[in-house]
Every structure is written in structure tokens, then in C-alpha cells.
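This report describes one protein model, part by part. Look at the sequence and the fold, then read on.

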Amino acid sequence: MARHAITRRTVLGAVGASAVLSSARAQWAPTRSVTIMVPWAPGGTTDILARVVAENLRPLLGQTVIVENRAGASGNIGSDVVAKGTPDGHLILFGTMSTHTMNAALMPTMPFDGVADFTPIAKLGFATNTMVVHPSVPVQNVAAFVEYLKANPGKVPYASAGTGSTNHVCAALFERMTGTEMIHVPYRGGAPAVTDTVGGRTQLFFTAATQSLPHVRAGRLRMLAVTEGRRTPLLPDVPTVGETVPGYEMAVWYGAFGPKNMAAEIADRLNAVINRVMVSPEVKGRMAEIGVEVIEESRDSFARDLRTDAEKWTRVIHELGIRSEG
């Protein structure tokens, strides 16, 4: 009996080892350079994120990883290149929540469907999104700011990076949920918007911590809250807007996508290596410096979040009556 048991274990072990080797052989690997498409201009948060990840992906994939920028049309131009690309793993997109879940509701025509025309690969992280005011505004918290708005209806100007931008949607949603009214001052991009808020020409700006934190630390802006559904570990002492305005939330995420119909083994491999890079101490630290909270999420979970957010923001934007001018 002992001899039979040993033989059986040996056979089972050989079968198991064979399966592992077969699985290892079947694991997808790129056969040429991989391109990460960034649908925004160089120097922005998405671009910085892509270049940090690309640098760390090269040894894991065994191929050169190139970052290509194709900006324009609120992220649609570069995203469309990937939507119409070959789903073989050699072209992926580093996109943002706005392009995939908001643009369709904001724009009269779209070159792609932000959900159906892509394979979700990995959610990369959240941009810490802040609510900041000019120091001349006589408030220290969200509750006091709501009272200030009610005492000055239709008089307080707020900045945005343009009609239909996440800054604009944040403020419009805040108005609706607090029963207040402000003056929307749209700019052509976030840089002039933050400049005019620092200068006092506008009094409120909802923007990424990348843009606001240097001014907050220098005393040129006052931070009232973050817009995520929970406090961020990057700014643990800063409350959320939702702590004062129940149900308010704007969580701005970055994600990696492939074209639709990407094979599961390719998407799974890319999810594994990208997650490995994102949670490494070096990358987490570098991302924290620019206000990005990295996360590790399965493809299925990201796909569910993508569908849920697309449904949510389509409904909210239609209710707010916002249309993009871009």
C-alpha cells in the first residue's frame, strides 16, 4: 500500500508540475514594443503616471514600453486611436474617468463608446480632488461656505477648466445638492483657472491636489474638503464634502484600457504586471507626491466600476443640463 501511495503521489506531482509548466508557457508576453497612449498633453498627471509605469514595466514585459501623447477633444482623439486598435496587447490606453464615463453625456457626437469599445485592464488610482477657496472668503469649512453662498446668492464666482470639465460638474453638483447658486467662470484649461483663483478673481475651484496643494501650503488658497466618498490617506485630516453634504461624491480615477475584444490571457497579464508596478513602494511614493492614491483592483471589479460610473454621470450630467463647448 505504501508503495502504491508513493507512486500515486509521484504521478499526481508530475501532473501538477506539468500543468504549472504548461500554464507558464501559455502566459502571454509581448513580441515587440508596447505603446501606452496618453490622450492628454505631456506634463499632466496622466502623462507623469504613464511614464513612471512605462519605466517599471519594461523589465517585467521584456520589451520597450513607449508613451505616446495625442491630446485633443477632451481626451477623445488619443482614446479613439486605441478604441480602433488591434487588441493584441501592444497598444494600451491610460485614460481618465471623464473621457469614459462623462464625455458621451456632454458631447453631441462621440467617435467611440467609452464602455463598450474598450477592454478594462486595471484601475490605476484616484486623483485627490480638492475644494479650495481664495483666503479672502470668510469661511473655514464646507458648512460655513454653504451659508456664505446662501447669504450671497448668484454673486460668488467659481473657476473651471471649461464647460463640461470635472471642475464644472463638481461645482454644479454642489450647487444643486446645497440649493445654492454661483457664477460659473470657464477657462481654457486648469492652469489659468487656478491662477485666477489664487489671484482672487474667482473664489472657488474644485481641482486636483496636483494644482491646489502648492498654493494651499503657501497660504494662497484655503482647502475646505476633498470630493471623494471617503477621506484620502494622502490628506487624512481633510474632510470630504460628503461629511457636510450627504451623498456628494466625485471620485476621479485613472485607468488602463485595451481595445475591445482583447483576449483574457492578455488583459490578465497586463493587469498583473501593472498592479505589481502600481503598488511598489517606489511608485506609490512618487504618485503620492502628485496627489494620486494608487490602488490594486481586479479587471472584473474595474469593469463593474466603469459601467456604474458611466450610468451615474450620464444621469447626473443630464439632470444638471450641462453640455460641453469642446
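Just after helix α12, G321 has a positive phi of about 70°. Helices here are DSSP runs of H or I with at least four residues, strands are runs of E with at least two, and both are numbered from the N terminus. Another glycine, G219, follows just after α9 and takes a positive phi of about 80°.

The model is predicted, so local features need pLDDT of at least 70 and side-chain atom pairs count only at pLDDT 80 or more, while totals for chains, interfaces and linings use all residues. Residues are numbered from 1 along each chain as its sequence is written, and side-chain values use heavy atoms, leaving out hydrogens and water.

**Overall**

The protein has 12 helices and 11 strands. Its C-alpha atoms fill a box of roughly 90 × 45 × 35 Å along the principal axes. Of the 326 residues, 52% are buried; buried means under 20% relative accessible area, exposed over 50%, and partly exposed in between, with a 1.4 Å probe and protein chains only. Contact means heavy atoms within 4.5 Å. Among contacts between residues at least 6 apart in sequence, 77% join residues at least 24 apart.

**Helices α12 and α9**

Helix α12 covers residues 299-320, and its 22 residues should span 32 Å at 1.5 Å a residue; the end C-alpha atoms are 31 Å apart, which agrees. The expected span is 1.5 Å times one less than the number of residues. Buried residues of α12 include F302, L306, W313 and I317. Among the elements that cover the buried residues of α12 are α7 (166-178), β10 (252-259) and α10.

In helix α9 (residues 209-217), the buried residues are A209, S212, L213 and H215. They pack against β5 (129-133), α8 (190-198), β8 (204-208) and β9 (222-226).

**Helices α2 and α10**

The axes of α2 (residues 45-61) and α10 (residues 264-278) come within 9 Å and cross at roughly 115°. Axes are lines fitted to C-alpha atoms, for helices over the stretch in contact, and angles run from 0 to 180 degrees between N-to-C directions. Residues making this contact include L49, V53 and L57 of α2 and L270, V273 and I274 of α10.

**Two partly exposed residues**

L60 is found in helix α2, and M177 lies in helix α7. The table lists their values.

| Residue | Relative accessibility | Partner apart in sequence | C-alpha distance to partner |
|---|---|---|---|
| L60 | 23% | V238, 178 residues | 37 Å |
| M177 | 31% | N69, 108 residues | 37 Å |

Leaving aside neighbours within four places in sequence, L60 is in contact with R269, V273, R276 and V277. With residues up to four places away in sequence not counted, M177 touches V245, P246, G247 and Y248.

**Nonpolar cores**

Which residues touch the most other members of the largest nonpolar core? They are I36, F94, F145, F174 and I274, in a core of 84 residues. A nonpolar core is a set of buried Ala, Val, Leu, Ile, Met, Phe, Trp, Tyr and Cys residues joined through side-chain atoms within 4.5 Å. Apart from it lies another core of 14 residues, among them A159, Y187, L221 and M223. Beyond its neighbours within four places in sequence, F174 has contacts that include M131, V142, F145, L149, F206 and Y248.
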